Amino acid sequence: MEDALAGGSPQRVGWFRFYFADERWEWSPQVQQMHGYEPGTVTPTTELVLSHKHPDDYAQMVATLEQIRRSHNTFSTRHRIVDKHGDVHSVVVVGDQLCDENGAVIGTHGFYVDVTPNIAVADDLVSAAVAQIAENRATIEQAKGMLMLIYRIGADAAFDLLKWRSQETNVKLRMLAEQLIEDFTGLDYQDELPTRGTFDHLLLTAHQRTNSDGRRAGIS
């Protein structure tokens with residue numbers, strides 16, 4: 001994951017890991033920067049993570065962290081953090097189960113998306129990749145729209161999220177978008193939408209349902 005986010009990935013999307021046994025946290029360089037630190041200059045701890053939560057969101061995040069420890073379930077949340085310089089960022093955080101080689105849940109891992117209004121867009125977002133997928137814009141726009149609705153984020157943040165998942169998993173953006181559309185529209189429900197955790201899991205595992213040659217494999 002570190003290699004996938006190095007050099008060229010948007011700075012407002014980054015990964016994290018949290019290990020339950022020893023309360024150990026890991027932040028990608030992008031998440032360190034969201035919190036106001038230069039990459040490599042901070043070792044996150046539970047105390048530090050919570051210290052950056054906005055005062056109005058602090059109690060909610062303490063409760064969320066306790067629920068994650070207790071249930072070991074997937075989660076997603078939208079809240080505010082205050083970086084080292086006092087600037088407030090709105091973030092969406094999505095986490096999935098982190099398992100060891102035997103399948104036991106040992107923690108949670110996932111990503112942060114900085115959705116602060118009017119945040120500067122990095123130059124690398126306007127890249128050759130955008131031109132290459134121009135003919136597939138309708139598919140990508142549909143997937144973006146779904147992410148915007150599910151996570152209540154803007155169009156730019158939704159595209160950043162799609163692009164980051166594409167880079168991290170080495171799956172072409174169009175193929176990832178097609179898989180997400182197939183997964184989301186294929187959910188079986190009646191009057192109420194599935195839980196947010198269902199969408200989180202599909203987003204974080206969509207690449208597993210595409211083959212190495214780019215063909216979609218479907219949900220087994």
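**Strand pairing in the β-sheet**

In the predicted model, Tyr19 finds its bridge partner in β5, at Gly107. This contact belongs to the pairing of β1 with β5, which run antiparallel and are joined by 7 bridges. Strand β1 covers residues 13–19. Strand β5 spans residues 105–114.

Both strands sit in an open sheet of 5 strands. The order across this sheet is β2-β1-β5-β4-β3, and the pairing is antiparallel. Strands β2 (24–27) and β3 (75–82) form the edges, each pairing on one side only. Neighbouring strands are turned by 25° against each other on average, with direction ignored.

On its other side, β1 pairs with β2. This antiparallel pairing runs over 4 bridges. Phe18 has Trp25 of β2 as its bridge partner. Side chains in a regular strand alternate between the two faces of the sheet.

Strand β5 lies between β1 and β4 in the sheet order. Burial in β5 is extensive: 7 of its 10 residues are buried, so the strand is mostly covered, where buried means under 20% relative accessible area.

Strand β4 comprises residues 88–99 and pairs with β5 in the antiparallel sense over 9 bridges. Within this pairing, Asp96 is matched with His109 of β5 as its bridge partner. The two strands, β4 and β5, form a hairpin with 5 residues between them. Gly103 lies in the turn and has a positive phi of about 90°. In the sheet order, β4 is followed by the edge strand β3.

How values were computed
Residues are numbered from 1 along each chain as its sequence is written. This is a predicted model: local features need pLDDT of at least 70, side-chain atom pairs count only at pLDDT 80 or more; totals for chains, interfaces and linings use all residues. Side-chain values use heavy atoms; hydrogens and water are left out. Two strands pair if DSSP finds at least two bridges between them. Axes are lines fitted to C-alpha atoms, for helices over the stretch in contact, and angles run from 0 to 180 degrees between N-to-C directions. Buried means under 20% relative accessible area, exposed over 50%, partly exposed in between (1.4 Å probe, protein chains only).
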